[in-house]
Amino acid sequence: MSRVSSRSTATKVFVALGLTGLVLAAIVAVFLVLDSQRTVRAEAEHVTLAVAGAISADPGVVTALGGNDPSASLQPVAQRIMADSDVDFVTIMTVDGVRVTHADAENIGKPYVGTIPDQPRMLTEEYTGTLGPSVRTIAPVFDGAQHEGWVAVGVTVSSISETVASRLPIVIAWFLGLVVAGLIGALIARRATRRVTGDLEPTRVQDAVLAYESIRTLGEALRAQTHEHGNRMHTAIALMELGRTDEAIEVLAETSRQSQMLVDHAASGDGDPTVGALLLGKAAQAQERGVVWISDIIPNTPRSSLRAMDAITLLGNVIDNAIDAAAAGPEPRWVNVRLGPGTPNGVRFVVRDSGTGIPEEIIDRAFEFGVSTKPSETGGRGVGLALVRSIVDQAGGEIHISDAPTTVLITLPERTT
């Protein structure tokens with residue numbers, strides 16, 4: 001049982017949803033990390049801009065820069081600011097860019113490593129200086145209208161990385177939470193799927209769906225055929241009771257002529273009796289709905305490689321769609337079915353109808369599950385053509401849809417045994 005379960009549809013649904021949840025969780029985690037990096041960098045730019053602006057506007061800094069020993073006055077101030085704020089360096093310098101303060105006192109008196117604007121204005125950039133790569137803002141210091149020096153405030157990239165790393169536990173928590181939520185959803189989906197499919201493998205589930213569609217299609221055809229034949233028999237009997245024997249015979253003869261070609265195909269040695277029987281029922285179904293049935297069965301058409309159940313599902317769904325479209329369209333209402341040999345081998349099946357056609361926005365997606373031209377209240381399920389496409393692909397055939405009039409062309413390999 002465990003071997004069957006490991007390959008069951010329910011288990012495959014669980015694995016697919018679980019992997020999907022894992023991938024989505026990973027994408028969200030990557031997004032959160034990237035967003036955190038962007039946010040921390042933006043915070044660093046904002047902090048350096050604010051601190052640099054505040055220092056450059058401090059009158060004490062202006063006064064100290066004009067004194068005899070600005071380093072003695074400003075280095076303690078810079079160190080205090082670095083200790084109290086989230087910045088890694090505060091460098092105050094002369095107009096020429098000579099440092100009077102630095103995080104490393106040994107660099108005092110040396111030239112500033114970074115971009116000094118041509119004009120006294122604020123500038124934020126990322127630059128690799130004495131302390132390594134950093135996000136920094138440089139601001140001019142004015143004494144009235146006189147430019148007296150510069151203030152550079154920076155946060156190193158390593159500090160930014162450390163801040164991002166400190167937020168990783170939150171990202172990991174989100175990742176694990178999404179993974180757990182995905183697994184819970186996958187478990188619920190597996191339980192729901194198992195209630196419907198048990199431990200059946202996907203191919204057996206598909207067979208079950210095909211069997212249901214086949215029975216539904218064949219049942220509708222037989223019901224319509226029985227109803228149509230009943231109507232004709234009642235009409236013939238009534239005509240006989242009225243003494244109008246010739247007209248009664250004509251009604252019965254017409255019924256015989258319409259059915260004989262399909263019966264001959266079903267009974268022929270090369271023909272497919274399942275297809276012939278299905279077409280016979282669908283002809284009655286079309287007549288019941290006021291749709292003219294036109295069929296062209298080429299003699300000696302070989303049997304396709306499809307199983308009987310697959311053939312009923314495939315042809316039944318295509319013809320049902322054609323009858324529905326014709327019945328809902330303007331007069332004259334007709335369906336044209338042609339069955340003949342393919343070129344050079346195989347079987348060629350063509351269905352045309354007088355309906356209004358398939359909208360352009362749907363025709364390219366007509367074979368997708370859930371896509372249907374039928375209103376929901378009329379029973380449109382968006383499943384039939386998807387099953388048709390699946391059957392044709394598995395058989396190694398081809399299917400095409402064109403418009404004006406709506407035409408479905410199916411080619412299938414010939415049965416070899």
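**Exercise 1. Strand pairing around S4**

Which residue is the bridge partner of alanine 139 in S4? Determine also how S4 pairs with S1 and S3, and how S4 is placed with respect to the rest of the structure.

*Solution.* The model examined here is a predicted one.

Step 1. Alanine 139 has valine 151 as its bridge partner in S4.

Step 2. Strand S3 covers residues 132-143 and is joined to S4 by ten bridges, with the two strands running antiparallel. Two residues lie between the strands of this hairpin, and glycine 144 adopts a positive phi near 70° there.

Step 3. Strand S1, residues 89-94, also pairs with S4 in the antiparallel sense, over six bridges. Methionine 93 is found opposite tryptophan 150 of S4.

Step 4. A residue is buried when its relative accessible area is under 20%. In S4 (residues 146-156), nine of the eleven residues are buried, so the strand is largely enclosed by the rest of the structure.

**Exercise 2. The nonpolar cores**

Identify the elements that build the largest nonpolar core, and state which of them gives the largest share.

*Solution.*

Step 1. The largest nonpolar core has 34 residues; those touching the most other members are Trp293, Leu314, Val335, Phe349, Val351, Val388 and Ile410.

Step 2. Two or more residues are given to this core by each of the helices H9 (273-288), H10 (308-328) and H12 (384-395), and by each of the strands S5 (292-297), S6 (334-341), S7 (347-353), S8 (398-402) and S9 (406-412).

Step 3. Helix H10 supplies the largest share, nine residues.

Step 4. A second core, separate from this one, comprises 31 residues, among them Ala44, Ile55, Ala64 and Val155.

**Exercise 3. Salt bridges and their accessibility**

For the pairs of arginine 41, aspartate 320 and aspartate 296, locate both partners and classify each residue as buried or partly exposed.

*Solution.*

Step 1. Side chains of opposite charge can pair when their charged atoms come close. The structure holds eight salt bridges.

Step 2. Arginine 41 is bridged to glutamate 126, with 2.5 Å between the closest N and O atoms. The two residues are 85 residues apart and link distant parts of the chain, arginine 41 lying in helix H2 (residues 9-56) and glutamate 126 in strand S2 (residues 123-129). The relative accessibility of arginine 41 is 31%, so this residue counts as partly exposed. Glutamate 126, at 41%, is likewise classed as partly exposed.

Step 3. Aspartate 320 and lysine 282 form another salt bridge, their closest N and O atoms being 2.5 Å apart. Here helix H10 holds aspartate 320 and helix H9 holds lysine 282, 38 residues apart. Both aspartate 320 and lysine 282 are buried.

Step 4. Aspartate 296 meets arginine 338 in a salt bridge of 2.4 Å, N to O. This pair connects strand S5, with aspartate 296, to strand S6, with arginine 338, across 42 residues. Aspartate 296 has a relative accessible area of 30% and is therefore partly exposed; arginine 338, at 34%, is also partly exposed.

Step 5. Through shared partners, salt bridges join Arg41, Glu45 and Glu126 into one network.

**Exercise 4. A nonpolar surface patch**

Name the residues that make the nonpolar surface patch of about 250 Å², and describe the placement of leucine 22.

*Solution.*

Step 1. The patch is made by Val15, Leu19 and Leu22.

Step 2. Leucine 22 belongs to helix H2.

Step 3. The relative accessible area of leucine 22 is 39%, so leucine 22 is partly exposed.

Definitions and conventions:
Residues are numbered from 1 along each chain as its sequence is written. This is a predicted model: local features need pLDDT of at least 70, side-chain atom pairs count only at pLDDT 80 or more; totals for chains, interfaces and linings use all residues. Side-chain values use heavy atoms; hydrogens and water are left out. A nonpolar core is a set of buried Ala, Val, Leu, Ile, Met, Phe, Trp, Tyr and Cys residues joined through side-chain atoms within 4.5 Å. Buried means under 20% relative accessible area, exposed over 50%, partly exposed in between (1.4 Å probe, protein chains only). Helices (H or I, at least four residues) and strands (E, at least two) are DSSP runs, numbered from the N terminus. Two strands pair if DSSP finds at least two bridges between them. A salt bridge is a side-chain nitrogen of Lys or Arg within 4 Å of a carboxyl oxygen of Asp or Glu. Patches are made of residues with over 30% relative accessible area and no salt bridge: like charges are joined within 9 Å, nonpolar side chains (Val, Leu, Ile, Met, Phe, Trp, Tyr) within 5 Å. Accessible areas come from the Shrake-Rupley method with a 1.4 Å probe; for residues, only the protein chains shown count as cover.
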